[in-house]
Structure formats: C-alpha cells, structure tokens
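Me: I want to learn how to read single features in a structure. Can we take a few in turn?

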Amino acid sequence: MSFNVNEMRSQLVFGGARNTLFNVTIQNPVNGVADIKVPFMCKAASLPESSIGVIPVPYFGRTIKIAGDRQYGEWGVTIINDEDFLIRNAMEQWVNAINTPEGNLRNLGTSSPLLYKAQAQVTQFSKTGVPLRIVQFNGIFPTSISPIDMAWEAQDQIEEFQVSFQYDWWEVVGGITGNAGGN
C-alpha cells in the first residue's frame, strides 16, 4: 500500500468524530438532587476500555495463551465545581452511604449492593447533534473523589474535581453506530 492522501481522505467520510461532543448522565441512588446538573458540569469523561484476560498454560517450556474473562477498568469523570457544591456534596453522600467515615458501616437500609449501585451513560454526538453512540455503565458506584486544589496564584480558573467509579459491565445501548461490544 503506497501513501496517497486522497485514499486516506476518502476513508474519513464524515470528517472524524470529535471528542468534545459528548455528555454524561449519572444516576445517584443516594442523593439524586444533582443528577440534572451533571450533563452540564461534567467536562471530561471517556468511552470505556474493554479487555480480555489471558490464561497462560505452560507446556514443555512453552506457554500457550488462552482467552480468559472480560475485565473492566476504572472509569473517571472530571466535574466543574459550582459554588453550590451540589454535585460534590451528592457524590460525597453516595460514598459515605456505602461506607460511613465514623463507623465503617453501610448506611443504607440493608447491605445489598442494589441500594448503592446505579447506571451512568456517555453519549457521543455527531457534528450535527445526532447521537453516535450511547454507552451505559451498569452497577456503577464511586470509589474515589479527588481533592479540589486551591492556590492564590490560580487566577482565572474554576474549581474542578475527579470522581473514579467501578462498575459491573458496560454496553452500547443506542446511537447510530450499532452495538459493537462491551457486554
């Protein structure tokens, strides 16, 4: 295959997907008051990774590799913090309900994971506003809320923080690109 810019250009039919055209929704099962604000204040996220584990099987000094189980990595978002701290407070309440700071206990009606796990979605849009792909995270819950850095020399900046989540699985549930994986 020789280099030909016209051939490359002919393969980029729609001009490439833009990583700025997305929104995130997160259902907080403990305090949903900020759920409506998340799509506007979540400034960064990612489409999830997907990997298959490997089972090495040694035999006479050689190793063959067998496909193992699907593994899901951590997922994170970056949130812009407003002076009402609405999203930050709701995320902290979610984490604290899973494990209370004082007593090391679950502060929900029962210890059932169904009470603290929820769903989240990342929707990626085309340049014309059509949803290209909707990825849904199932069984999601926060595991880490980053500090908010403050400094006197941090002029012309708005506070932000990161939230890291674990989840049971993800799947493509909509958009025009079809269901290509995740589950």
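Reply: Yes. Keep in mind that this model is predicted. Start with one residue: Val57 sits in strand E3.

Me: Is Val57 buried, partly exposed or exposed?

Reply: Buried means under 20% relative accessible area, and exposed means over 50%. Val57 has 33% relative accessibility, so it counts as partly exposed.

Me: Which residues make a nonpolar surface patch with Val57?

Reply: Ile55, Ile64 and Ile66 join Val57 there. The patch covers about 320 Å². Two elements give two or more residues to it: strand E3 (51–59) and strand E4 (62–71).

Me: Now a helix. How do I check the span of H3 against its number of residues?

Reply: Take 1.5 Å times one less than the number of residues. Helix H3 (residues 86–98) has 13 residues, so it should span 18 Å. Its end C-alpha atoms lie 19 Å apart, which agrees.

Me: Which residues of H3 are buried?

Reply: Apply the cut-off of under 20% relative accessible area. In H3, the buried residues are Ile87, Arg88, Ala90, Met91, Trp94, Ala97 and Ile98.

Me: What covers the buried residues of H3?

Reply: The cover includes helix H2 (38–41) and several strands. Among them are E1 (22–26), E5 (75–80), E6 (118–125), E7 (131–145) and E8 (160–166).

Me: Next, backbone angles. What sign does phi have in most residues other than glycine?

Reply: Negative, in most of them. Positive values deserve a look. Phe85 is not a glycine, yet its phi is positive, about 50 degrees. Phe85 lies in the loop between E5 and H3. With 32% relative accessibility, Phe85 counts as partly exposed.

Me: Where is Asp156, and what is its phi?

Reply: Asp156 is in the loop between E7 and E8. Its phi is near 55 degrees, again a positive value in a residue other than glycine. Asp156 has a relative accessible area of 83%, so it is exposed.

Me: Last, contacts. Which residues does Ser144 touch, leaving aside neighbours within four places in sequence?

Reply: Contact needs heavy atoms within 4.5 Å. Ser144 is in contact with Gln162, Val163 and Ser164. Ser144 itself belongs to strand E7. With a relative accessible area of 35%, Ser144 is partly exposed.

Me: How far apart are the C-alpha atoms of Ser144 and Glu159?

Reply: They are separated by 17 Å. Along the chain, Ser144 and Glu159 are 15 residues apart. Read the two figures side by side: one is a distance in space, the other a count in sequence.

Key. Residues are numbered from 1 along each chain as its sequence is written. This is a predicted model: local features need pLDDT of at least 70, side-chain atom pairs count only at pLDDT 80 or more; totals for chains, interfaces and linings use all residues. Side-chain values use heavy atoms; hydrogens and water are left out. Patches are made of residues with over 30% relative accessible area and no salt bridge: like charges are joined within 9 Å, nonpolar side chains (Val, Leu, Ile, Met, Phe, Trp, Tyr) within 5 Å. Accessible areas come from the Shrake-Rupley method with a 1.4 Å probe; for residues, only the protein chains shown count as cover. A salt bridge is a side-chain nitrogen of Lys or Arg within 4 Å of a carboxyl oxygen of Asp or Glu. Helices (H or I, at least four residues) and strands (E, at least two) are DSSP runs, numbered from the N terminus. Buried means under 20% relative accessible area, exposed over 50%, partly exposed in between (1.4 Å probe, protein chains only).
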